[in-house]
Amino acid sequence: MFSDDSFMKTITIIRKNKILKGKLRLPPSKSISNRLLVIRALSNNDFSINNLSHSDDTILLQKLLHEIRNSKSVKSYIELDTANAGTAMRFLTSYLTFLPGKWILTGSDRMKQRPIGILVDALKALGADIDYLGKLGYPPLMIKGKSLKGGEITVDPGISSQFISALLLVAPRLPGGLSIRFQGQAVSFPYIHMTLRLLEFFNVETLQKRNNIVIPEADIIGRDFTVEADWSAAAFWYEAAILADEVDLVLEGLQKNSLQGDAILADIYQNFGIVSEFNINGVRLTKTKKKMDGYYFDFSDHPDIALAVITTCAALGIRGRFEGLKSLRIKETNRLRALKIEYSKLGLNLEPDSPVELIPKIEFVNPQLKSNPDLKIETYGDHRMAMTFAPLAIKFGSIRIENPDVVSKSYPEYWDHLASLGFEIKY
């Protein structure tokens, strides 16, 4: 295991062959873990969460929920810092609105650039007392917990599915329950579906129609739960597999019938020649020869795997057109802008044919990625940027990544896993 002190400003990842063989146990799903922590905080009885994620985001949310549970002051404001954890910011915004107390919910500089107005407006419609302490529509927030009412609200689901999930998680605790009517098309709907399935596991009835979700008032009954492995983390191993010449890689803990929408990776990479063979322990990846001229995909429902799939096509020199990327602008960094900058270092200029700053799509016809020894990939404080570009060491022989410790946000053992499969990590 790499120690905290071992992370320097830049690491070099070296790969001397294109054979990818071995076995890995992927980290637990961060998305499932974070939802379970909030459900447990809201439930009538305690329950065990087995295989809880050890990512930075989950550890932080667990810590903040502990602080909330043990807080004693109701006269003065208690400040809670969500750092760069978007899930914690959005879920706690809902959770704190009906919890007795006075709260200031803040975060990193980047968090203060990530919108939250849609969620705040929805909660205010239910009677919440929330004020902005900075720019209108953005954190930090000042929340006074009070009794809320249930009822029907209309929400734009086209910015972040976490706004919807944050409302759904508290819905059973609202008098009369909650009916959410969508105004427009939802992004990342599989994450909303995940939230609904988890609520159902804990005795909450859900009713879903085309543009409407109804959650009746209910007691959340705690039951022990084991978290499955993270399909979003698997994206970078599928990417690595397609760049290798010979593949026999076992990813333990992944489930075919998963709560996670990103399990679609197996179908996506089948188009590229990656065979996913499922068993009770996980999935085994092997590779067959398959020629592709081009690939199109709409990532509206699967934004967390977008960088890996797009970079796969770019690295293979395959024509690509990718849409549904709007939500990438409000992640840990503006991933559209970051991808454009880092691709340009590799000789792929997305301008002027694909103005990603204006239109949330990426398109290239004949990509040719090139590297040089002086090249450094910046990560912009974004875990998925680091893990997207690291597999290119297979293609180039080596690649340099700045600020590699960002992976701890979702996949703390990522560099150790690379090393266990024969990648050399120099720092």
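User: In this predicted model, at what angle do helix H1 and helix H5 pack, and how far apart are their axes?
Analyst: The two helices concerned are H1, covering residues 30-42, and H5, covering residues 161-170. In the predicted model, they pack with their axes 10 Å apart and at an angle of about 25 degrees.

User: Are H1 and H5 roughly parallel or roughly antiparallel to each other, and which hand does their crossing have?
Analyst: Angles under 35 degrees count as roughly parallel, and the angle between H1 and H5 is about 25 degrees. The two helices are therefore roughly parallel to each other, and their crossing is right-handed.

User: Which residues make the contact between H1 and H5, and how do they divide by character?
Analyst: From H1 the contact draws on Arg 35, Val 38, Ile 39 and Leu 42, while H5 contributes Ser 165, Leu 169 and Val 170. By character, the residues of this contact divide into one charged, one polar and five nonpolar.

User: Which strands stand at the edges of the open sheet that includes S13 and S15?
Analyst: The sheet is built from four strands in the order S2-S13-S15-S14, with mixed pairing. Each edge strand has a single partner strand, so one side of it is left without a neighbour in the sheet, and the strands in that position are S2 (19-25) and S14 (274-279).

User: Which residues of strand S17 point to the buried face?
Analyst: Side chains alternate along S17 (residues 319-323), where Arg 319, Arg 321 and Glu 323 point to one face and are not buried. The residues that point to the other face and are buried are Gly 320 and Phe 322.

Notes: Residues are numbered from 1 along each chain as its sequence is written. This is a predicted model: local features need pLDDT of at least 70, side-chain atom pairs count only at pLDDT 80 or more; totals for chains, interfaces and linings use all residues. Side-chain values use heavy atoms; hydrogens and water are left out. Axes are lines fitted to C-alpha atoms, for helices over the stretch in contact, and angles run from 0 to 180 degrees between N-to-C directions. Angles under 35 degrees count as roughly parallel, over 145 as roughly antiparallel, 65 to 115 as roughly perpendicular and the rest as oblique. A crossing is left-handed if the near helix is turned anticlockwise from the far one by less than a right angle, and right-handed if clockwise. Contact means heavy atoms within 4.5 Å. Ala, Val, Leu, Ile, Met, Phe, Trp, Tyr, Cys and Pro count as nonpolar, Asp, Glu, Lys and Arg as charged, and the others, Gly among them, as polar. Buried means under 20% relative accessible area, exposed over 50%, partly exposed in between (1.4 Å probe, protein chains only). Two strands pair if DSSP finds at least two bridges between them.
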